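Got a minute to go through this one together? Here's the fold, followed by a few quick questions and answers.

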Amino acid sequence: MPDGDSTLADIPRPGHRGVSRVASRIFIGLLLLACVAGAVGLLGGHTSVAVSTRNGYRVQLSYPGTARPGLDTFWELEITHPGGFKGQLTIAVTGAYFDLFETQGFYPTPSATTRDGSFVYMTFTAPSQGDTFKVMYDAYVQPYLEPNHLLGQTATVAVMNHGQAADSIHYTTWLLP
């Protein structure tokens, strides 16, 4: 019977499975790599810490270095200034950064909040005693993000002194699926 009349003509022969076998092994290897990364905690949320000391201020920010939609996050800013603070304390944070989150608010609550095209300015009543001020942000990553926020957000937090940044930290929160 000629090959054109055979019902077996379109069945691959054992010698032609090389490409699919290699592709299968690569896929299984990548799947195994993802499982191992998840098992050792590389794919979950992680808190990162950034510290800066400049112009008499020490600023320490604990923030979500990596996060996933729907998860709670930890954001805490600690500012230390020898001799304490006088009157009011203003902090500026890149405004678009907060678009990643659903929030329960800041603790303590700012006495005033304003926003320009780039930053959110939060003014707090400075502590009457001590050299350290802390503010926490209670939030979780929004479960549904706009396309421009799917990978995360880079931001700046700055301690303002007479309208100028006395000290600042630049940081990035990466979002994982």
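Q: How many residues does the largest nonpolar core have?
A: Keep in mind that this is a predicted model. The residues with the most contacts inside the core are Trp-75, Leu-77, Ile-79, Ile-91, Tyr-97, Val-157 and Tyr-171. Counted in full, the largest nonpolar core has 34 residues.

Q: Which elements give two or more residues to this core?
A: Going along the chain, you'd start with strand S2 (57-67), strand S3 (72-80) and strand S4 (88-94). Next come strand S5 (101-107) and strand S7 (119-125). The list then ends with S8, S9 and strand S10 (164-175).

Q: Which residues does Val-157 touch, leaving out those up to four places away in sequence?
A: Val-157 is one of the core residues with the most contacts. Its partners include Leu-61, Ile-91, Ala-92, Val-93, Asp-167, Ser-168 and Ile-169. Also among them are Trp-75, Leu-77 and Tyr-171.

Q: Is Gln-142 buried or exposed?
A: Gln-142 sits in the loop between strand S8 (132-141) and strand S9 (152-161). Its side chain reaches the backbone oxygen of Asp-99 at 2.8 Å, and Gln-142 also touches Pro-69, Gly-70 and Phe-101, among others. Its relative accessible area is 19%, and the cut-off is under 20%, so Gln-142 is buried.

Q: And Leu-42, buried or exposed?
A: You'll find Leu-42 in the loop between helix H1 (18-39) and strand S1 (46-54). Together with Leu-32, Val-36, Val-40 and Leu-43, Leu-42 makes a nonpolar surface patch of about 480 Å². Its relative accessibility is 56%, and over 50% is the cut-off, so Leu-42 counts as exposed.

Key: Residues are numbered from 1 along each chain as its sequence is written. This is a predicted model: local features need pLDDT of at least 70, side-chain atom pairs count only at pLDDT 80 or more; totals for chains, interfaces and linings use all residues. Side-chain values use heavy atoms; hydrogens and water are left out. Patches are made of residues with over 30% relative accessible area and no salt bridge: like charges are joined within 9 Å, nonpolar side chains (Val, Leu, Ile, Met, Phe, Trp, Tyr) within 5 Å. Accessible areas come from the Shrake-Rupley method with a 1.4 Å probe; for residues, only the protein chains shown count as cover. A salt bridge is a side-chain nitrogen of Lys or Arg within 4 Å of a carboxyl oxygen of Asp or Glu. Helices (H or I, at least four residues) and strands (E, at least two) are DSSP runs, numbered from the N terminus. Buried means under 20% relative accessible area, exposed over 50%, partly exposed in between (1.4 Å probe, protein chains only). A polar contact is a pair of N or O atoms within 3.5 Å; within protein, one must be able to donate a hydrogen and the other to accept it, and residues adjacent in sequence count only if both atoms are side-chain atoms. Contact means heavy atoms within 4.5 Å. A nonpolar core is a set of buried Ala, Val, Leu, Ile, Met, Phe, Trp, Tyr and Cys residues joined through side-chain atoms within 4.5 Å.
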